[in-house]
Amino acid sequence: MGLGVAFALLAGMLWGFVFLVPLLLPEYPAALLAMARYLAFGLLCLPLAWLDWGALRRLTRADWLAAAKLAAVGNLAYYTLLASSIQGTGGPLTTLIIGTLPVVIAIAANQRNAARDGLLPWRRLLLPLGIMLLGIALVNQAEMTRLLQQPDASLSAYAMGALLALGALACWTWYPLRNADWLRQHPNRNPRVWATAQGLATLPMALVGFALVWGWMALSGSTFPMPLGPDPLFFLWLMLALGLFASWCGILCWNQASKRLPTALAGQLIVFETVAALIYIFWWRGEWPQGLTVAGMVLLLLGVWLALRIRPVPAVRPAAV
């Protein structure tokens, strides 16, 4: 379990970086960022596929279909919605909405995976989940106060950003549950190979998506300089970094964690992504977080620590009639 938590922590640190990129490239359309990120991810997986060619050939058509579904929802749809939301809200509001993932995934996994992973007793979950929700509420309060103090604040943009973040939340509630299903059903498969398979499945979809974005730009008369935008070198470096570290390495670490931890517990460890994202965003702003924000982050981590102390118990099977 300790190694599983370490892998989840590393995945969270890598994934937290994706929240910062839309703020570093605010003039770039969110859809372009998403397609370019996963185009880089897919291309980087090509040489990795050569190293694991034998294992990849053993994947069935059903396996590749599962990889394609995970890539479409957990990669392309999720990051398009996330980047759009961040560019509308400025970052922290989106981060906090995504920060509810530990609670949402824990509840969903406790309902659907109790027979496989054991049941985390609801009464014991209430305290850590409540503490985590309180932490999220404190950070949200601090950010709303900051927003209202800005003369050019747009509540409508924040509202739209919140809706987009809810869409991203739905995508990433579905992804870890279904990804864990596949990994548990194939315990003899290498998580690295599965991460590479998802990258290969993403590549053709990202290529088509990039072409569609380019075509839409041309048809709409946009002056945005396609294909690499106004800062091509910085854009390329960031996309390569996202493709290698946030995508392939992040998925690899998460796969390793998913094989070692109950899904309900692993889902709560996504809180590491929230904390890392907040740290990166405040670093980019060049300011210290407010007292409420620090208190909220501490409560999030406390809730996770308390949840880690809960051990699953066998689910009660209904009596045979």
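**Figure 1. Overall fold of the predicted model, with 15 helices and zero strands in the chain.** The radius of gyration of the chain is 20 Å, close to the 20 Å that the globule rule gives for 321 residues, so the chain is as compact as a globular protein of that length. Taken along the principal axes, the box filled by the C-alpha atoms is roughly 70 × 55 × 35 Å.

**Figure 2. Burial and contacts within the chain.** Of the 321 residues, 52% count as buried. Among contacts in the chain with a separation of 6 or more, 90% are accounted for by residues 24 or more positions apart.

**Figure 3. Crossing of helices H11 and H12.** Helix H11 spans residues 191–219 and helix H12 spans residues 232–260. Their axes come within 9 Å and cross at roughly 135°. This angle lies outside the range of 65 to 115 degrees for roughly perpendicular axes and is not over 145, the bound for roughly antiparallel ones; H11 and H12 are therefore oblique to each other. The crossing in which H11 passes H12 is right-handed.

**Figure 4. Residues in the contact between H11 and H12.** From H11, the contact is made by Pro191, Arg192, Trp194, Ala195, Thr196 and Gln198. The H12 side contributes Trp248, Ile251, Leu252, Asn255, Gln256 and Lys259. By class, six residues of this contact are nonpolar, four are polar and two are charged. The nonpolar residues include Trp194 of H11 and Trp248 of H12, while the charged residues are Arg192 of H11 and Lys259 of H12.

Conventions
Residues are numbered from 1 along each chain as its sequence is written. This is a predicted model: local features need pLDDT of at least 70, side-chain atom pairs count only at pLDDT 80 or more; totals for chains, interfaces and linings use all residues. Side-chain values use heavy atoms; hydrogens and water are left out. Axes are lines fitted to C-alpha atoms, for helices over the stretch in contact, and angles run from 0 to 180 degrees between N-to-C directions. Helices (H or I, at least four residues) and strands (E, at least two) are DSSP runs, numbered from the N terminus. Angles under 35 degrees count as roughly parallel, over 145 as roughly antiparallel, 65 to 115 as roughly perpendicular and the rest as oblique. A crossing is left-handed if the near helix is turned anticlockwise from the far one by less than a right angle, and right-handed if clockwise. Contact means heavy atoms within 4.5 Å. The radius of gyration is taken over C-alpha atoms; the globule rule is 2.2 Å times the number of residues to the power 0.38. Buried means under 20% relative accessible area, exposed over 50%, partly exposed in between (1.4 Å probe, protein chains only).
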